[in-house]
Amino acid sequence: MEKDLQDDRENKDPKMKDALFISNRNPGFSNNASIEFYAGGEMSGAMFHSCHAVVVDAADLGFAEHVLRTIRRDPHPLVYLKPAYLYSEAGVQDDFLLELSDGPAPRFGEGGTFQGPDRERMGAIARKIELFMQRGNIAETVFIKMVRYLASRGKSLEPLMRIRSKSGFTFPFLECQFPDREHLMFETLDWLETAGLLSGSQVDAIHMCGACDCAFLNFRETCPQCSSVKFSSEDLVHHFVCGYVGPESDFKGERGPSCPKCRKGLRHIGVDHDRPSVVRKCRNCDHDFQEPVLEVVCLQCRKISRPENLSPRAIKKYQLTALGEATSLSGLDLAQGTGPAGLIGLIGYESFASLINQENERKKRYKSGQNSTAAFLTIGNKGEMSLEMGRKASRISQELAKIIKWSLRSTDVISYRSEFGFMFLMVETDPTRSDTVLGRIKTEIEQLLQENIQVRPEIAIRCWPIDGTFSLEQTLSELTGP
Ligand SMILES: [Zn+2]
Ligand SMILES: [Zn+2]
Ligand SMILES: [Zn+2]
């Protein structure tokens, strides 16, 4: 599909269609003024620009899935964020399609137009899309698409259990971005979480094949000697009366079970006898053993491994963070500028400033509760040091960023600008409490730099409470000073 920003103007056109109905059959109700029928064939991006929503005929689930995947994979916000409803007389049961769409379209087909909550929801999504469009040239990477999708829907990202996914779980919107490369879906989520755009909370745990990441595994008990799965199991019986211990099959008698040694009949478990364990006999190699060996066979690549060699993965649901929300508008400026700003977890100055301002506004309105802290780490003799660092500079910068990232909590926000150094927003941490963390960061950075270069760094850390009167601009001009 082509990217056609011109069509954005049509978004405000009052003659825009309510819905584009996409079907590969005759649905049996007539066309009307606010519905436009589209009966299959190659879809073009432009066709989605002149409607508020799309209604996909889900009588044929394969067809509906193809249409929805095409929409969500498109690079243009007017297409991939388009409200898309499913139409089916019988109702749609398919979890994957329901998640990939904006749900069923119950009021559709009666009057043809959307009413009530559906219309409000469509309007809310349309306003978000418009905001995104006003921001101009933000690269629609998969990261941006993901945060924009969640921001436009105001919903959390839930994993969906699905047998068609190799891991047994999928996130439909993300899966469409990476057909046949499921591992990238998880890498994207890990990245978004590390960067602080999403916050995850674990809902399940899976184990995957160490060779191919497939979670469809067969756990089986085998003979420790020959690995055969063919063995018999029997309870071991201990006769207290005479001390005899042997497999249950030894205790046969004409009038019920009796002891082969003392000939007395067995009465009650715990009174005259006990079953201390299980004995197994391999039918392949005749080996007698007590504990079988647990083996795991991958149903996809057939690799056999031990349970401890599987790769575990936490399955999480995700919530868009305030930073994620800000990023949906400002874009990712992680890789801009010089120094360590391109590293994971650091955000651009604009997003940082807007978060600080939000926090300050919040504090102004709600006086109670913890203050947050804005902290600044500057290196006084940077010029002298960068001469010394030379070719080691990029590695040292990465180490620096790591020290900082590891010392803070995932809710803290870090930014970097070569004029000011590192800037931190420590959420709900009063400056008095942030001292320890910042002191440790300072010591570790000094150590790192002294080990790598011969110049002693002049590091200064200063903190301000974000108490409703904080101004980032003023603070920065104070820091750089005349
Ligand atoms: Zn055996
Ligand atoms: Zn006995
Ligand atoms: Zn495998």
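Begin by selecting strand β11, residues 273–282, together with β12: in this predicted model the two strands run antiparallel and are joined by two bridges. To see one of the pairings, display K281, whose bridge partner in β12 is D288. Then widen the selection to the whole sheet, which is open and has four strands in the order β10-β9-β11-β12, with antiparallel pairing. Its edges are formed by β10 (245–247) and β12 (288–289), each of which pairs on one side only.

Next, zoom out to the full chain. It contains 14 helices and 20 strands. Of its 482 residues, 30% count as buried. Among contacts with a separation of 6 or more, 70% are between residues 24 or more positions apart.

Now select strand β3, residues 51–57. Seven of the seven residues of β3 are buried, so the strand is largely enclosed by the rest of the structure. Two neighbours deserve to be shown with β3. One is strand β1 (residues 17–22), which runs parallel to β3 and is joined to it by five bridges; here F21 has V55 of β3 as its bridge partner. The other is strand β4 (residues 84–87), also parallel to β3 and joined to it by four bridges. V54 stands opposite A84 in β4.

Keep V54 and V55 displayed, and add V56 and L86. Which core do these residues belong to? V54, V55, V56 and L86 are the residues with the most contacts inside the largest nonpolar core, which has 83 residues. Helix α6 supplies the largest share of this core, six residues. Domain 1 (1–134) and domain 3 (333–480) both contribute residues to the core, so it lies between them. For a second, separate core, select M208, C209, L217 and C298, which are included among its five residues. In soluble globular proteins, nonpolar side chains tend to be buried together.

Move on to helix α6 itself, residues 142–153. The distance from its first C-alpha to its last is 17 Å over twelve residues, close to the 16 Å expected at 1.5 Å a residue. Is α6 mostly covered or mostly uncovered? It is mostly covered, with nine of the twelve residues buried. The buried positions are F143, K145, M146, V147, R148, Y149, L150, A151 and S152. To see what surrounds them, show α3 (77–80), α5 (116–134), α7 (172–177), α8 (182–194), β15 (311–320) and α9 (322–330), against which the buried residues of α6 pack. Just after the helix, select G154, whose phi is positive, near 60 degrees.

Finally, colour the chain by pLDDT. The mean for the chain is 82, and 85% of its residues reach 70 or more. Where are the extremes of confidence in the chain? Strand β8 (residues 217–222) has the highest, at a mean of 97, and helix α11 (residues 382–389) has the lowest, at 63. Two further selections complete the tour. Over residues 1–12 the pLDDT stays under 50, and the model has 20 contacts beyond four places in sequence for this stretch. Residues 334–344 also have pLDDT below 50, with 27 contacts in the model beyond near neighbours in sequence. Where pLDDT is low, the predicted coordinates should not be read in detail.

Conventions: Residues are numbered from 1 along each chain as its sequence is written. Chains are lettered from A and ligands numbered from 1 in the order in which they are written. This is a predicted model: local features need pLDDT of at least 70, side-chain atom pairs count only at pLDDT 80 or more; totals for chains, interfaces and linings use all residues. Two strands pair if DSSP finds at least two bridges between them. pLDDT is the predictor's confidence in each residue, from 0 to 100. Two residues are in contact if their C-beta atoms, placed from the backbone, lie within 7 Å. The expected span of a helix is 1.5 Å times one less than its number of residues. A residue is buried if 20 or more other C-beta atoms lie within 10 Å of its own, exposed if 12 or fewer, and partly exposed in between; C-beta atoms are placed from the backbone. A nonpolar core is a set of buried Ala, Val, Leu, Ile, Met, Phe, Trp, Tyr and Cys residues joined through C-beta atoms within 7 Å. Domain bounds come from an automatic or database domain assignment.
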